Number of protein chains: 2
Amino acid sequence: MPTEIERKFLVKSEAWREGLPGERIVQGYLCREKERTVRVRIKGDKGFLTIKGLSEGVSRKEFEYEIPVGEADELLLLCTPPLLDKVRYERRHGGHLWEIDEFAGENHGLIVAEIELDEEGSEFEKPEWVGEEVSDDPRYYNACLVEHPWSQWRKR
Amino acid sequence: MPTEIERKFLVKSEAWREGLPGERIVQGYLCREKERTVRVRIKGDKGFLTIKGLSEGVSRKEFEYEIPVGEADELLLLCTPPLLDKVRYERRHGGHLWEIDEFAGENHGLIVAEIELDEEGSEFEKPEWVGEEVSDDPRYYNACLVEHPWSQWRKR
């Protein structure tokens with residue numbers, strides 16, 4: 001029963017970057033509903049199809065399948081535009097892997113850091129470049145950033 | 001570029017049956033839009049995830065991936081109910097494979113036969129138990145039979 005437990009934070013400084021190499025991700029959604037999303041993703045030279053269920057707290061069912069990248073490319077054409085474009089960086093800190101997504105296009109300027117946990121209550125160490133937690137804020141869901149890009153939000 | 005070219009017919013007699021063994025199919029849809037459908041299917045003891053694009057005449061883009069049957073079972077729970085339940089029979093005729101679907105549940109009584117062709121204009125021999133063509137009738141799309149089951153149609 002694959003369940004994803006993820007916590008998401010804003011990034012408050014550039015200290016994480018330090019010449020870290022990134023990998024480009026282009027993704028789109030075949031389905032973007034609250035109860036279920038179907039995502040097509042090209043990450044580097046690989047293709048993926050990912051189905052996620054309803055978010056319950058920071059947990060969510062997730063099913064991911066690698067598919068031929070050429071087919072992923074064609075499937076992106078079936079997605080509801082626009083596509084999401086970002087660069088993914090990975091950085092270990094305190095025994096955990098942090099994924100840092102730097103968005104491009106209409107979401108340029110937005111950088112978020114995610115950590116995947118084994119259990120909902122798992123302890124972890126917060127790096128100093130990690131800011132406010134936004135796990136519960138649906139506006140930061142990638143599926144929402146397609147329709148309501150960060151550049152169009154009324155900034156606080 | 002996987003494109004599916006399919007023609008679909010009603011079945012007008014029982015002559016196809018002749019003790020043919022069938023395989024149960026249970027399927028549901030994560031997404032049921034005109035432009036794209038995402039189908040979860042359990043066929044016998046195998047699981048599949050299938051994405052189809054917009055129908056253009058009798059052609060349609062189709063991408064199918066085999067997935068672990070246990071995950072297919074869980075993904076069926078994420079689909080919008082109800083699920084579609086049918087028995088699939090396969091019969092060769094005149095060098096082509098015919099797939100005959102006998103529906104259960106709310107679609108009980110409906111039997112359709114499908115043939116997959118290499119090209120749109122390909123010739124094929126129609127068995128005598130094959131009746132009216134319904135390729136162009138969206139009511140017979142499996143995705144439509146979920147919401148508008150055959151038993152609720154106003155019969156002609």
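These exercises work through a predicted model with chains A and B.

**Exercise 1. Describe the fold of chain A: how many helices and strands, and in what order?**

Step 1. Count the elements. Chain A has two helices and nine strands.

Step 2. Read them along the sequence. The pattern is β-β-β-β-β-α-β-β-β-β-α.

**Exercise 2. Compare the radius of gyration of chain A with that of a compact globule.**

Step 1. Take the expected value. For 156 residues, a compact globule would have a radius of gyration near 15 Å.

Step 2. Take the value for the model. Chain A has 15 Å, so the two agree.

Step 3. Add the extents. The C-alpha trace of chain A spans about 40 × 35 × 30 Å along its principal axes.

Step 4. Look at burial and contact range. Buried residues account for 26% of the 156 residues in chain A. Take the contacts in chain A between residues at least 6 apart in sequence: 60% of them join residues at least 24 apart.

**Exercise 3. Place Tyr29(A) in the structure. Is Tyr29(A) buried or exposed?**

Step 1. Start from the record. In an unreviewed UniProt entry, the annotation "active site" covers Tyr29(A).

Step 2. Locate the residue. Tyr29(A) sits in strand E2 of chain A, residues 23-32.

Step 3. Apply the cut-off. A residue is buried if 20 or more other C-beta atoms lie within 10 Å of its own. Tyr29(A) has 23 C-beta neighbours inside 10 Å, so Tyr29(A) counts as buried.

Step 4. List the partners. Neighbours within four places in sequence are set aside. Tyr29(A) then contacts Thr37(A), Val38(A), Arg39(A), Cys79(A), Thr80(A), Ala143(A) and Val146(A).

**Exercise 4. Analyse the contact between chains A and B. Which elements of chain B give two or more residues?**

Step 1. Count both sides. Chain B gives 15 residues and chain A gives 15 residues.

Step 2. Name the elements. On chain B, they are strand E2 (23-32), strand E4 (46-52), strand E5 (59-67) and helix H1 (69-78). H1(B) supplies the largest share, four residues.

Step 3. Sort by character. The side of chain B that touches chain A holds 11 nonpolar residues, one polar and three charged.

**Exercise 5. Work out how the two copies are related.**

Step 1. Recall the general case. Two copies of a chain are related by a rotation about an axis and a shift along it.

Step 2. Insert the values. Chain B superposes on chain A by a rotation of 180° with 0.0 Å of shift along the axis, at RMSD 0.0 Å. The two copies are therefore related as by a two-fold rotation axis.

Step 3. Find the axis. Of the residues of chain B, Cys31(B) comes closest to it, at 3.0 Å (C-alpha).

Step 4. Compare the surfaces. Of the interface residues of chain B, 100% are also interface residues in chain A, so the copies meet through the same surface.

Notes:
Residues numbered from 1 in each chain as written. Chains lettered and ligands numbered in written order. Predicted model: local features only at pLDDT ≥ 70, side-chain atom pairs only at ≥ 80, totals over all residues. Rg over C-alpha atoms; globule rule 2.2 N^0.38 Å. Buried ≥ 20, exposed ≤ 12 C-beta atoms within 10 Å, placed from the backbone. Contact = placed C-beta atoms within 7 Å. Nonpolar A, V, L, I, M, F, W, Y, C, P; charged D, E, K, R; others polar. Least-squares fit on C-alpha atoms with pLDDT ≥ 70 in both. UniProt positions renumbered as here; feature names shortened; annotations may be inferred.
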